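The following exchange examines how the terms applied to a structure follow from their definitions. Each answer sets a value against a criterion and then concludes.

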Amino acid sequence: MGRVRRSRTHHAQRDVHRASRTRARTKDLDQIQLIDLDPKNRAGLEAQPIDLEKPGLAQHYCVECAKYFETDTALQSHWRGKVHKRRCKILKEPAYTIEEAERAAGLGREGKRTPISTHAMPIDT
């Protein structure tokens, strides 16, 4: 007797559901670049007061990745890891501005002519 069921019947829904979850969501890159990497804010984030609700009592925080760690050794090994180094490389690039995003979407006015009104043109008769 042959196979009863096809393989891969879930139609790749698992990845869609994982992407839409928000429980493990971190800050966006532009928020980290504009707010957290500012020297005044960075010093405050690295020296946070003790908070019983956060992992490691909020004493071990990676500013670039916006993550809390339980111990200092976990933070040190995170800094040596590939994920942190990749994140730092991405953060070195300048963030896109709103104007650049609009131009990329084709909404900018750069290089476009203003429409000429038909009422203002003289009519040749």
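Q: What makes Ile50, Leu52 and Leu57 a nonpolar surface patch?
A: In this predicted model, these three residues form a patch of about 340 Å². Patch members need over 30% relative accessible area and no salt bridge, and nonpolar side chains are joined within 5 Å. Leu57 has a relative accessible area of 37%, so Leu57 passes the 30% threshold for patches.

Q: Why is Leu57 called partly exposed?
A: Buried requires under 20% and exposed over 50%, with partly exposed in between. The value for Leu57 is 37%, and Leu57 therefore counts as partly exposed.

Q: Where does Leu57 lie, and what is the sign of its phi?
A: Leu57 is placed in the loop between helix H3 (39-46) and strand S1 (61-62). Its phi is positive, about 60°, although Leu57 is not a glycine.

Q: Why is Ala66 called buried?
A: Ala66 has a relative accessible area of 14%, and the limit for buried is under 20%, so the term applies. Ala66 is found in the loop between S1 and strand S2 (67-68). Phi of Ala66 is near 55°, again a positive value in a residue other than glycine.

Q: Which residues does Ala66 contact, leaving aside neighbours within four places in sequence?
A: The contacts of Ala66 are Thr26, Lys27, Ile32 and Tyr61. Each of these pairs has heavy atoms within 4.5 Å.

Q: What makes Ala66 a member of the largest nonpolar core?
A: A core joins buried residues of the nonpolar set, which includes Ala, through side-chain atoms within 4.5 Å. Ala66 is buried at 14%, and Ala66 is listed in the core with Ile32, Leu45, Tyr61, Val63 and Leu91, six residues in all.

Q: Why is Asp36 called buried?
A: Its relative accessible area is 3%, which is under the 20% limit, so Asp36 is buried. The place of Asp36 is in helix H2 (residues 29-36). Not counting residues up to four places away in sequence, Asp36 touches Lys27, Gln31, Asn41, Arg42, Leu45, Tyr61 and Val63. Among these, Leu45, Tyr61 and Val63 belong to the largest nonpolar core.

Q: How do you know that Asp36 forms a salt bridge with Lys27?
A: The criterion is a side-chain nitrogen of Lys or Arg within 4 Å of a carboxyl oxygen of Asp or Glu. The closest N and O atoms of Asp36 and Lys27 are 2.8 Å apart, so the pair qualifies. Lys27 is partly exposed, with a relative accessible area of 32%, whereas Asp36 is buried. Side chains of opposite charge can pair when their charged atoms come close.

Q: What makes Arg42 and Glu46 a salt bridge, and where do they lie?
A: The N to O distance is 3.1 Å, and the limit is 4 Å, so the contact between Arg42 and Glu46 meets the definition. Both residues lie in helix H3, four residues apart, about one turn of the helix. Arg42 is partly exposed at 25%, and Glu46 is partly exposed at 43%.

Q: Why does the pair Asp51 and Lys54 count as a salt bridge?
A: Their closest N and O atoms are 3.8 Å apart, which is within 4 Å, so the pair is accepted. Asp51 is partly exposed at 26%, and Lys54 is partly exposed at 32%. Elsewhere, salt bridges that share partners join Arg42, Glu46 and Glu64 into one network. A search of the whole structure finds four salt bridges.

Q: What does UniProt place at residues 60-84, and how much helix and strand does the model show there?
A: The UniProt record, an unreviewed entry, gives the feature "domain: C2H2-type" at these positions. Over residues 60-84 the chain is 44% helix and 16% strand, with the end C-alpha atoms 14 Å apart.

Q: How many helices and strands does the protein chain contain, and in what order do they run?
A: The chain has six helices and two strands. From the N terminus on, the order is α-α-α-β-β-α-α-α.

Q: What share of the protein chain is buried, and what area does the chain expose?
A: Buried residues make up 17% of the 125 residues. The chain exposes about 11,300 Å², of which carbon and sulfur atoms supply 54%.

Conventions
Residues numbered from 1 in each chain as written. Predicted model: local features only at pLDDT ≥ 70, side-chain atom pairs only at ≥ 80, totals over all residues. Heavy atoms only, no water. Buried < 20%, exposed > 50% of the residue type's maximum accessible area, 1.4 Å probe, protein only. Areas by Shrake-Rupley, 256 points an atom, 1.4 Å probe, with all protein chains shown as cover. Patch = residues over 30% accessible without salt bridge, like charges linked within 9 Å, V, L, I, M, F, W, Y side chains within 5 Å. UniProt positions renumbered as here; feature names shortened; annotations may be inferred.
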